[in-house]
Amino acid sequence: MEENKPKDLKNLVYKVGDVTDLKKLYPDETFDVIVDKGTYDAIATDERESTIKMCQAYFNEAIRTLKNKDGVFIIVSLLQPHVLKMLFDFFVLENDVNLYQKTNLFQVKVLKIENIEGYAEKQFLKYFVAIKKNFIDVSNPKMVDMRAKLQDSVGIKDSALEKEEFYSYTQAIEKIKVDQQIFMIAPTIKLLDPGRQIEMHCFDYKSKDN
Ligand SMILES: C[S@@+](CC[C@H](N)C(=O)[O-])C[C@H]1O[C@@H](n2cnc3c(N)ncnc32)[C@H](O)[C@@H]1O
């Protein structure tokens, strides 16, 4: 790995470790920014309890090693429904599994990545999720109150929007899901003859009611 180091990045240091336990490699508050491209998607394979626990251990390690003031954790993800839920359950909802939630404000922003010309994976939308960590003084009631007010707020932005819009946990999950569905369906509909009438049957394949 070292021999492949770009010549203009001589200070780059490679370390190999398990993202769910980095204690021997990195002390608390080591990084200004952590970038994950594909690792969270790779470990968030399903909704089994052991998988959820592994993802929570990873998130806790990422937060621990991030700087307390304005540390940013960036995740590049396809945000499949269970991946999105696990992420938002951890960072947006009040919970006991995020070891740092009570003492920090986590601001979550989601940016849709526009499709890159010629890129192979055209059928899925890709996102940057940026989570900013800021330590709060829990002895100050104003800060605790501010944290409670701001926590359930997710900023979403794409190139069609002039500025970021803010959503609650439930609204943000719904908005991302609908955007993904439109992205998958729209190209197929565009290919149909303009004059042709089509019928769409929408159903929930998991439900017995329809
Ligand atoms: C989809 S690949 C992405 C690789 C690279 N970031 C890229 O974009 O080409 C997922 C990566 O996550 C790494 N990974 C999976 N579980 C891990 C763990 N517990 N700790 C550290 N890395 C892990 C794998 O070794 C693999 O390199």
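The following exercises, with worked solutions, concern a predicted model of a protein with a ligand.

**Exercise 1.** Determine how many helices and strands the protein has, and in what order they run.

*Solution.* Step one is the count: the protein has five helices and six strands. Step two is the order, which from the N terminus on reads β-α-α-β-α-β-β-α-β-β-α. Step three adds the dimensions: the C-alpha trace spans about 65 × 50 × 40 Å along its principal axes.

**Exercise 2.** Identify the residues around the ligand and the element that gives the most to this shell.

*Solution.* Begin with the list: Asp-18, Val-19, Thr-20, Lys-37, Gly-38, Thr-39, Ala-42 and Ile-43 surround the ligand. Next, sort the shell by class, which yields three nonpolar, three polar and two charged residues. Finally, assign elements: helix H1, spanning residues 39-43, gives the most, with three residues.

**Exercise 3.** Describe the largest nonpolar core and the surroundings of Phe-91.

*Solution.* First, consider burial: 17% of the 210 residues of the protein count as buried. Second, take the largest nonpolar core, which has 29 residues; Leu-87, Phe-91, Val-108, Val-110 and Val-129 touch the most other members. Third, trace the core to its elements: those giving two or more residues include helix H2 (49-65), strand E3 (104-113), strand E4 (126-135) and helix H5 (169-190). Helix H3 gives the most to this core, with six residues. Fourth, examine Phe-91: apart from its neighbours within four places in sequence, Phe-91 is in contact with Asn-98, Phe-106, Val-108 and Ile-131.

**Exercise 4.** Among contacts between residues at least 6 apart in sequence, state what share joins residues at least 24 apart.

*Solution.* For the protein, this share is 67%.

Note on methods. Residues are numbered from 1 along each chain as its sequence is written. This is a predicted model: local features need pLDDT of at least 70, side-chain atom pairs count only at pLDDT 80 or more; totals for chains, interfaces and linings use all residues. A residue is near a molecule or strand if its C-beta atom, placed from the backbone, lies within 6 Å of it. Helices (H or I, at least four residues) and strands (E, at least two) are DSSP runs, numbered from the N terminus. Ala, Val, Leu, Ile, Met, Phe, Trp, Tyr, Cys and Pro count as nonpolar, Asp, Glu, Lys and Arg as charged, and the others, Gly among them, as polar. A residue is buried if 20 or more other C-beta atoms lie within 10 Å of its own, exposed if 12 or fewer, and partly exposed in between; C-beta atoms are placed from the backbone. Two residues are in contact if their C-beta atoms, placed from the backbone, lie within 7 Å. A nonpolar core is a set of buried Ala, Val, Leu, Ile, Met, Phe, Trp, Tyr and Cys residues joined through C-beta atoms within 7 Å.
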